[in-house]
Amino acid sequence: MEKSIVNGVSGVTGSENGKELLVQKGMVDVDRNAQVIVDLSIEIEASQETVWQIQTGIEQWPTWQKDITQVRLSGPIASGSMFQWETHGLQINSTILEVAPMKRIVWGGPAHGIEGVHVWSITPIAKGVLVHTVESWDGPPVAADPNGMRAALEASLKAWLAALKSTAESLTTEE
């Protein structure tokens, strides 16, 4: 199995504290050693293109996610592009780490002492797509309350998936 380590890339999660991101077969993964990892999936009755456009329409997130109040994307949807966003009152700076159009997007970045890496994949199934998300959190705030942080992350991701499903399926019924 081909393995390589990416370290020191500007804005890449973990580079601030010397951690490295594992890249296997050209794909960035979450920090599998993080104190909190949440892994969820949802089936959405919509096309892969529809779901991809909604999920990667980063500056449009506040229109369909009530917890995101502002977003500013600096550049295209491509590895190395950065975006600043606010969710639940927290300012977050994220860097896009990987893009496989229509299939997968990964971003990460530090937020208030939490090092996060977030992987999203969209896979066609018989009645639409399966959206799978896995996110890792590590850092001092996570160490101080891993159970509380896991619960917060899980609730946030469940809400995101539900909003993505609702938005995509409502667009599909309008077509």
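Which side chain meets that of Glu154 in a salt bridge? The tour reaches that pair at a later stop; the model to be explored is a predicted one.

**The whole chain**

Begin with the protein chain in cartoon view. Its secondary structure comes to four helices and 10 strands. Read from the N terminus, the elements run β-β-β-β-α-α-β-β-β-β-β-β-α-α. Colour the 175 residues by burial next: buried residues make up 44% of them. With a surface drawn, the chain exposes about 8,800 Å², of which carbon and sulfur atoms supply 54%. Among contacts between residues at least 6 apart in sequence, 50% join residues at least 24 apart.

**Helix 4 and the opening pair**

Select helix 4, residues 146–174, and show the side chains of Glu154 and Lys158. The partner of Glu154 is Lys158: their side chains meet in a salt bridge, at 3.1 Å from N to O. Both residues lie in helix 4, four residues apart, which is about one turn of the helix. In an α-helix there are 3.6 residues a turn, so residues three or four places apart point the same way. Glu154 is partly exposed, with a relative accessible area of 27%, and Lys158 is partly exposed as well, at 46%.

**The other salt bridges**

The structure holds five salt bridges. Select Glu98 and Arg104 for another of them, where the side chains meet at 2.8 Å, N to O. Are these two residues buried or exposed? Glu98 is buried, and so is Arg104.

Move then to Arg32, which forms a salt bridge with Asp29; the closest N and O atoms are 2.9 Å apart. Arg32 is partly exposed because its relative accessible area, 47%, falls in the range between buried and exposed.

**The loop at Asn33**

From Arg32, step along to Asn33, in the loop between strand 3 (27–28) and strand 4 (36–44). Asn33 counts as exposed because its relative accessible area is 70%, and the cut-off for that class is over 50%. Add Asp138 to the selection: the C-alpha atoms of Asn33 and Asp138 are separated by 8.5 Å, although the two residues are 105 apart along the chain.

**Ser136 in strand 10**

Select strand 10, residues 128–138, and find Ser136 within it. Ser136 is buried, with a relative accessible area of 1%. Which backbone atom does the side chain of Ser136 reach? The side chain reaches the backbone nitrogen of Asp31, at 3.0 Å. Show the surroundings of Ser136 too: leaving aside neighbours within four places in sequence, Ser136 is in contact with Val30, Asp31, Ala34, Val36, Ile37, Glu115, Gly116 and Val117.

**Aromatic rings**

Display the aromatic side chains. The count comes to 11 aromatic pairs. Centre the view on Trp85 and Trp160, an edge-to-face pair with 6.0 Å from centre to centre and 85° between the planes. This pair links distant parts of the chain, with Trp85 in strand 6 (residues 82–87) and Trp160 in helix 4, 75 residues apart. Both tryptophans, Trp85 and Trp160, are buried. Widen the selection to Trp61, Trp64, Phe83, Trp85, Trp107, Trp120 and Trp160, which form one aromatic cluster.

**The nonpolar cores**

Which residues touch the most other members of the largest nonpolar core? In this core of 37 residues, they are Ile44, Val51, Trp61, Trp85 and Val131. Helix 4 gives the most to this core, with eight residues. A second, separate core has seven residues, including Val28, Leu97, Val117 and Val119.

Return to Val51 in the largest core and show the residues around it. Apart from its neighbours within four places in sequence, Val51 is in contact with Ile44, Ala46, Ile122, Val129, Val131, Leu164 and Ala168.

**Helix 1**

End with helix 1, residues 48–56, which is mostly covered. How many of its nine residues are buried? Seven of the nine are: Gln48, Thr50, Val51, Trp52, Ile54, Gln55 and Thr56. Val51 thus appears once more at this last stop, as a buried residue of helix 1.

Terms used: Residues are numbered from 1 along each chain as its sequence is written. This is a predicted model: local features need pLDDT of at least 70, side-chain atom pairs count only at pLDDT 80 or more; totals for chains, interfaces and linings use all residues. Side-chain values use heavy atoms; hydrogens and water are left out. A salt bridge is a side-chain nitrogen of Lys or Arg within 4 Å of a carboxyl oxygen of Asp or Glu. Buried means under 20% relative accessible area, exposed over 50%, partly exposed in between (1.4 Å probe, protein chains only). Helices (H or I, at least four residues) and strands (E, at least two) are DSSP runs, numbered from the N terminus. Rings of Phe, Tyr and Trp (its six-membered ring) pair if their centres lie within 6.5 Å; planes under 30 degrees apart count as stacked, over 60 as edge-to-face and the rest as tilted. Contact means heavy atoms within 4.5 Å. Accessible areas come from the Shrake-Rupley method with a 1.4 Å probe; for residues, only the protein chains shown count as cover. A nonpolar core is a set of buried Ala, Val, Leu, Ile, Met, Phe, Trp, Tyr and Cys residues joined through side-chain atoms within 4.5 Å. A polar contact is a pair of N or O atoms within 3.5 Å; within protein, one must be able to donate a hydrogen and the other to accept it, and residues adjacent in sequence count only if both atoms are side-chain atoms.
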